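The following exercises concern helix packing and residue environments. Each task is followed by a solution in steps.

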Amino acid sequence: MKTLVIEGQLPNLNDYTKACRGNKYAGAQMKKHAEAIISTYIMAQLRGVCFDSTVELAFRWYEPNRKRDLDNICFAKKFILDALVSNGIIVADGWKGVVGFTDHFFVDAKKPRIEVDIKKAGEI
């Protein structure tokens, strides 16, 4: 099992929807920017790691407060999965690469972050 830690917060579904409605390119720019940030953490923490079979992921979302809805927060999973694929960590973010994931939410006002455990499917 490998763990990826992304410091801070990523855009949520409300942010993304607002961007898409405001400008036809803004949503794509937001996604590209978020994936660039995530890729920086991936390169620093998971260099040389490659899961060549299906994986299970466990997401832990640490928010600074309880203002954002849980379903909006975990929308950022899309950005994380796409970055894991583009960086060669997992083979795909669909049925061929991921068998499932879990989400758990916490408040940490001093250190908001996202922790992602990645393990080979079926591994204990």
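**Exercise 1.** Determine which residues of helix α2 are buried and which elements they pack against.

*Solution.* Step 1: buried means under 20% relative accessible area, exposed over 50%, and partly exposed in between (1.4 Å probe, protein chains only). In α2, this criterion selects G27, M30, A34, E35, I38, S39, Y41 and I42. Step 2: with contact defined as heavy atoms within 4.5 Å, these buried residues pack against β1 (2-7), α1 (13-22) and α4. Helices (H or I, at least four residues) and strands (E, at least two) are DSSP runs, numbered from the N terminus.

The model is predicted: local features need pLDDT of at least 70, side-chain atom pairs count only at pLDDT 80 or more, and totals for chains, interfaces and linings use all residues. Residues are numbered from 1 along each chain as its sequence is written, and side-chain values use heavy atoms, with hydrogens and water left out.

**Exercise 2.** Check the span of α2 against its number of residues.

*Solution.* The expected span is 1.5 Å times one less than the number of residues. For the 20 residues of α2 this gives 28 Å, and the end C-alpha atoms are 29 Å apart, which agrees.

**Exercise 3.** Characterise the packing of α2 with α4.

*Solution.* Step 1: axes are lines fitted to C-alpha atoms, for helices over the stretch in contact, and angles run from 0 to 180 degrees between N-to-C directions. The axes of α2 (residues 26-45) and α4 (residues 77-86) come within 9 Å and cross at roughly 55°. Step 2: α2 is therefore oblique to α4; angles under 35 degrees count as roughly parallel, over 145 as roughly antiparallel, 65 to 115 as roughly perpendicular and the rest as oblique. Step 3: K31, A34, E35, I38, S39 and I42 of α2 meet K78, F79, I80, D82, A83 and L84 of α4. By class, this contact has 7 nonpolar, 1 polar and 4 charged residues (Ala, Val, Leu, Ile, Met, Phe, Trp, Tyr, Cys and Pro count as nonpolar, Asp, Glu, Lys and Arg as charged, and the others, Gly among them, as polar).

**Exercise 4.** Repeat the analysis for α1 and α2.

*Solution.* Step 1: the axes come within 7 Å and cross at roughly 140°, so α1 and α2 are oblique to each other. Step 2: D15, Y16, A19 and C20 of α1 make the contact with A26, G27 and M30 of α2. These residues divide into 5 nonpolar, 1 polar and 1 charged.

**Exercise 5.** Describe the environment of D103.

*Solution.* D103 lies in strand β3 (residues 98-107) and, at 23% relative accessibility, counts as partly exposed. Not counting residues up to four places away in sequence, D103 touches F59, W61, C74 and K77.
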